[in-house]
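Colleague: Please take one part of this model and go through it closely. Add what is needed to read the values.

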Amino acid sequence: MSGAALGLEIVFVFFLALFLLHRYGDFNKQHRLVIIATLLAWYLCFLIVFILPLDVSTTIYNRCKLAVNSSPAESNGSFVTLPPSKQKCFKPWSYIPNGIMPIFWRVVYWTSQFLTWILLPFMQSYARSGGFSITGKIKTALIENAIYYGTYLLIFGAFLIYVAVNPNFNLQWNQLQTIGIAAANTWGLFLLVLLLGYGLVEIPRSHWNGAKRGYLLMKTYFKAAKLMTEKADAEENLEDIMEEVRKVSESIKYNHPLRKCVDTILKKCPTEYQERMGRNMDDYEDFDERQNSYPSEKSLVKLHKQVIYSVQRHRRTQVQWQILLEQAFYLEDVAKNETSATRQFVHTFHSQEPENKIIQYFYTPTVEWYWECLLRPWFYRVLAVVLATFSVIVVWSECTFFSTKPVLSLFAVFIQLAEKTYNYIYIEMACFLTIFFLSICVYSTVFRIRVFNYYYLASHHQTDAYSLLFSGMLFCRLTPPLCLNFLGLTHMDATISHKNTQPTAYTSIMGSMRVLSFIADGFYIYYPMLVVILCIATYFSLGTRCLNLLGFQQFMGDSEMTSDLIDEGKELIRREKRKRQRQEEGENRRREWKERYGNRDDSTRNRVVHTDQKESSFSEANTNRPLSKYTRSNGRTERDRIELLQDAEPLDFNADSINDDPLESDSGR
């Protein structure tokens, strides 16, 4: 099993990162380089989190083996026999041979740092550029990142000059490397504590509120009102941009040098706008440079950038609106079914996507009722209590992990107890649960935060390239200090434990922080205590209240603005529900009509054809017969026509379609 656990986790983490990226990104529409760079960044960060427990167990085994080999021995002739009390070490099932982990960590760490500080910022500017060629996009990206890269080079150059001039400093390459790592980890730790303080409170609270059906429904109504405003704004913005595109397309004709740029812009527009602009375009009219003023290439680049942004935003709001409607309808169904006497879950609308037959076989309406109306609230409450317990342990350990005598950090206590019995399975599980919970608190905050419309991770393939690359940057900057903080909580970092023991392979790659004592003994130890203040601020929703005062509507139960938005969202959901019901009723009536009168229409059509053939042959053979013969035949044909008219499909009329609301005039019509 040597190295097998490492290989299995490498494969598993790759598919995990691929699954999450497929949920948020769009493999078909986004650039391949954006997908590959984001996947690599996510994969490396998740890999560090999953592999670090194996590094801890391997380090504990190496410490045990080193202690056995260096323990006092009893001489027995020319042989050396170890005491029985020291012969406890056995190799863990996930043991990784010496020499593999240092190389592995070195490759993973420096690759992630190259991504976060050099490649991903450049690709962000490249993805947002409106250039029409690769050269133009690269030029724009270099100009935008000149200040970004120049600032770091200026700081680093000034530091090198100071070290070279000052005779008291004699820094070598390894020490310069350690200083660079310490600077990157300091920046990451500063952001890490902010995100961790929010996640430690918000994750247990969100699961506790998830058990409250009324709370979830009110919050969904609130989201509906806000999303409708954003959706209307996105549609209006798209209309304005498309109007500018139409004017540019009409002014720049087919033989203009910039017509290729206009065609590139038109390909990024929605299909209905492309068809509309294509009908109004006259390709046979030449342009006259002396009479008309044409837009420059720089203005077309700006317009191209606006088109990409507006189309992406419009598509995202449309998809999010449909998802929010399904969520609101389902929560309303849960509220109705809670008082059901039959204890079978009844849906107002059937699922638009085909259900899996296996899931449909086991997840029956009765099972669904017991889960949604009875078991799920209690499950969420129990899970919230467990997560809150973990949060309290993390906060306590963050404030006391610097104490080694006595050991006050609970995570360090758990690991040291397992280390005495060499229970490697328990050590790996404890380490994995600890770092996994810390990662969930930090990464979930990254997925939740939204910086206006510039950074927003939206599920169901609605995240733009800029946000994907920015999330990869954040993950690469947050993961190394997160792992160092975890090693400090468990006292596996020699800088914290102050023990002359073998360090983990991950810590050895980071180098000794003693080069910068004010960071190792000051910032790394006392700054994490700030998480207590951040947790208190999050518990009392101070950030939400501040945003609400600044005009950014946030969900607050005691706010009048929140109540108004809830009422507005409830009315919007009611209208969409009534519209969906009318559509389903119309489809059901048409389906019933086809099932009931489909065969009759075919037989009537055949009878009419047979009658016409018979009458034509009869009239040709008997042209001299009395007029009464023709009258009788025409009467039978007339009766068939009357029967066909009676079988005609009635109008799809519903009294609910008559509505005084002007917003629903189109749907009612």
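Modeller: Helix α3 has a kink of about 45 degrees, centred on L115; the bend at a residue is the angle between axes fitted to the seven residues ending there and the seven starting there. This is a predicted model, in which local features need pLDDT of at least 70 and side-chain atom pairs count only at pLDDT 80 or more, while totals for chains, interfaces and linings use all residues. Residues are numbered from 1 along each chain as its sequence is written, and side-chain values use heavy atoms, without hydrogens and water. Helices (H or I, at least four residues) and strands (E, at least two) are DSSP runs, numbered from the N terminus.

Helix α3 covers residues 100-128, 29 in number, and its end C-alpha atoms lie 40 Å apart. The expected span is 1.5 Å times one less than the number of residues, so α3 should span 42 Å, and the two values agree.

R128 belongs to the residue range of α3. Leaving aside neighbours within four places in sequence, Y454 is in contact (heavy atoms within 4.5 Å) with R128, Y466 and S467. Y454 sits in the loop between β3 (450-451) and β4 (455-456). From Y454 to F470 the C-alpha distance is 9.7 Å, with their positions 16 residues apart in sequence.

As for confidence, pLDDT is the predictor's confidence in each residue, from 0 to 100. The protein chain has a mean pLDDT of 81, and 80% of its residues reach 70 or more. Residues 73-87 have pLDDT below 50, and this stretch makes 12 contacts in the model beyond near neighbours in sequence.
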